[in-house]
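Q: Please take a close look at the largest pocket of this model and at the buried parts of the chain. A connected account would be welcome.

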Amino acid sequence: MVCKSYSDLERLLGISVKALYSVSNASWKHYRSVKIPKNDRGEFRELHVPDEFLKTVQRRIADRLLSAYPVSPYATAYRPGGSTIVNARPHVGKNVLLKLDIHHFFDNILYATVKEKAFPAEDYSESIRILLTILCVHKDALPQGAPTSPVISNIIMRDFDCTVGGWCDARGIAYTRYCDDMTFSGDFDSREVVSLVRTELRKMGLFLNEKKTVRAVRGQRQSVTGLVVNEGLRIPAAYRKKLRQEVYYCRKFGVAAHLQRMGSGERAEEYLPKLLGRINYACSVMPDDQELRQERRWVMQQLHTLER
C-alpha cells in the first residue's frame with residue numbers, strides 16, 4: 001500500500017482531504033466516553049467511542065489501508081479467522097499453562113509508535129502519516145472503542161509476537177496472544193518466559209500487569225479466554241448449567257412466562273435470538289454435544305413460530 005499524495009488518500013478512502021483535516025483539527029470533540037462493566041467486582045473499563053463520521057473514517061482506514069499489513073500467526077484476535085476458540089485450542093491438555101497480561105495495553109500505545117509502525121515512511125508521505133495518525137489516536141494514545149485500534153495493535157505487536165513465538169517454537173512451547181492476553185503452555189520454566197516477555201515488552205514501552213499473572217498445572221483448572229482446556233475444549237460448567245436451566249424453564253413454563261418469572265422486561269422475540277447466540281457459541285466449542293444440539297433445535301423452532 002503506497003499513499004504519497006492527497007489525491008491517493010482521497011481515492012483510497014473516498015473522503016475529501018478537507019473533511020479529514022476538519023476532523024483532525026479538533027479530533028477530541030468527536031469522542032464520547034463510555035464506561036462498561038469490566039468484571040463482577042464493580043470495576044469498569046472506559047471506552048472512547050468516536051462519533052459516526054469519525055467512525056466511518058476509521059473503518060475505511062482499517063479496511064482500505066491497514067488491512068494490507070501482515071499480522072503474526074500468534075495473534076488470534078481482531079483478524080479474519082481469529083476467535084477465542086482459535087486462541088484456546090493450542091493449549092488443550094498441557095502440563096503447564098501460563099497466562100500473562102499487558103498493563104493498560106491501548107493506553108500505552110502512543111502517537112509516535114502508531115505513526116512509525118502503522119503508517120511507515122516508505123508507504124506514506126510525512127503529511128499523510130501525521131494526518132492518519134491523528135485520526136487514529138485520542139489524547140496521544142490508541143482509544144479503546146475506535147475500530148482502528150485493534151488492527152493497529154496487531155500491526156505494532158507483530159515483531160514482538162514473532163520474537164516471542166519463535167523463541168517458544170524452538171522450545172516446544174505453544175504461544176498465542178488475544179489482544180493484551182498472552183498464553184503459554186507446555187513443559188517449561190515459567191520464570192524464563194516471564195523474563196523474556198517482560199524484556200521484549202519494555203523495548204516497546206509496554207509492561208506486564210504482574211497482578212494478572214496466572215500459572216496452572218495439570219490437575220488444576222486451566223482456562224484460556226473463558227474456555228476450559230484441561231481435557232479437550234469446553235465451555236465453563238457454570239455457563240453450561242445456566243444455558244441448560246434457561247432452556248429447561250422456557251420449555252416447562254413457556255418463554256413469556258419464564259421471562260415474567262425472572263422479572264425481565266424483554267419480549268420473547270428479543271430474548272430468544274440472544275439465547276440462540278449463546279447456544280451457538282457453546283456448540284462451536286463443543287460441536288459433538290448432542291444435548292446442546294437438541295437445545296438449539298428447540299430454540300430455533302420457537303423463533304420460527306414467532307416469525308409466522
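A: The account below begins with the chain as a whole, turns to the pocket, and then follows several buried elements and residues.

This is a predicted model, in which local features need pLDDT of at least 70 and side-chain atom pairs count only at pLDDT 80 or more, while totals for chains, interfaces and linings use all residues. Residues are numbered from 1 along each chain as its sequence is written, and side-chain values use heavy atoms, with hydrogens and water left out.

The chain holds 13 helices and eight strands, taken as DSSP runs numbered from the N terminus (helices H or I, at least four residues; strands E, at least two). Its C-alpha atoms fill a box of roughly 65 × 55 × 35 Å along the principal axes. Of its 308 residues, 45% are buried, where buried means under 20% relative accessible area, exposed over 50% and partly exposed in between (1.4 Å probe, protein chains only). Among contacts with a separation of 6 or more, 68% are between residues 24 or more positions apart; a contact means heavy atoms within 4.5 Å.

The largest pocket encloses about 1,100 Å³ of space. Of the 42 residues that line this pocket, K38, R45, D101, D180 and K212 are the closest to its centre. On a 1 Å grid over the protein atoms alone, a pocket is an open set of points where a 1.4 Å probe fits, with protein on both sides within 12 Å along at least five of seven lines, and lining residues have an atom within 4 Å of a point. The volume is the space filled by probe spheres set on the points, which are joined across faces, edges and corners. Strands β2 (44-50), β3 (96-101), β5 (181-186) and β7 (223-224) each give at least two residues to the lining, and β2 provides the largest share, four residues. The lining divides into 15 nonpolar, twelve polar and 15 charged residues; Ala, Val, Leu, Ile, Met, Phe, Trp, Tyr, Cys and Pro count as nonpolar, Asp, Glu, Lys and Arg as charged, and the others, Gly among them, as polar.

S185 lies in strand β5 and is buried because its relative accessibility is 0%. Its side chain makes a polar contact of 3.4 Å with that of K94; such a contact is a pair of N or O atoms within 3.5 Å, and within protein one must be able to donate a hydrogen and the other to accept it, residues adjacent in sequence counting only if both atoms are side-chain atoms. Beyond four places in sequence, the contacts of S185 include P90, V96 and I173.

F105, in the loop between β3 and α5, is likewise buried, at 3% relative accessibility. Among the residues that F105 touches beyond four places in sequence are S153, R177 and D180. The C-alpha atoms of F105 and F207 are 8.4 Å apart, although 102 residues separate them along the chain.

S153 is one of the buried residues of α7. Helix α7 (residues 148-156) is largely enclosed by the rest of the structure, because eight of its nine residues are buried. The cover over these buried residues includes α3 (52-64), α5 (111-118), α6 (126-136), α8 (158-169) and β4 (174-178).

T76 lies in the loop between α3 and α4 and is buried at 4% relative accessibility. The side chains of T76 and N87 form a polar contact of 2.8 Å. Contacts of T76 beyond four places in sequence also include T176, R177 and Y178.
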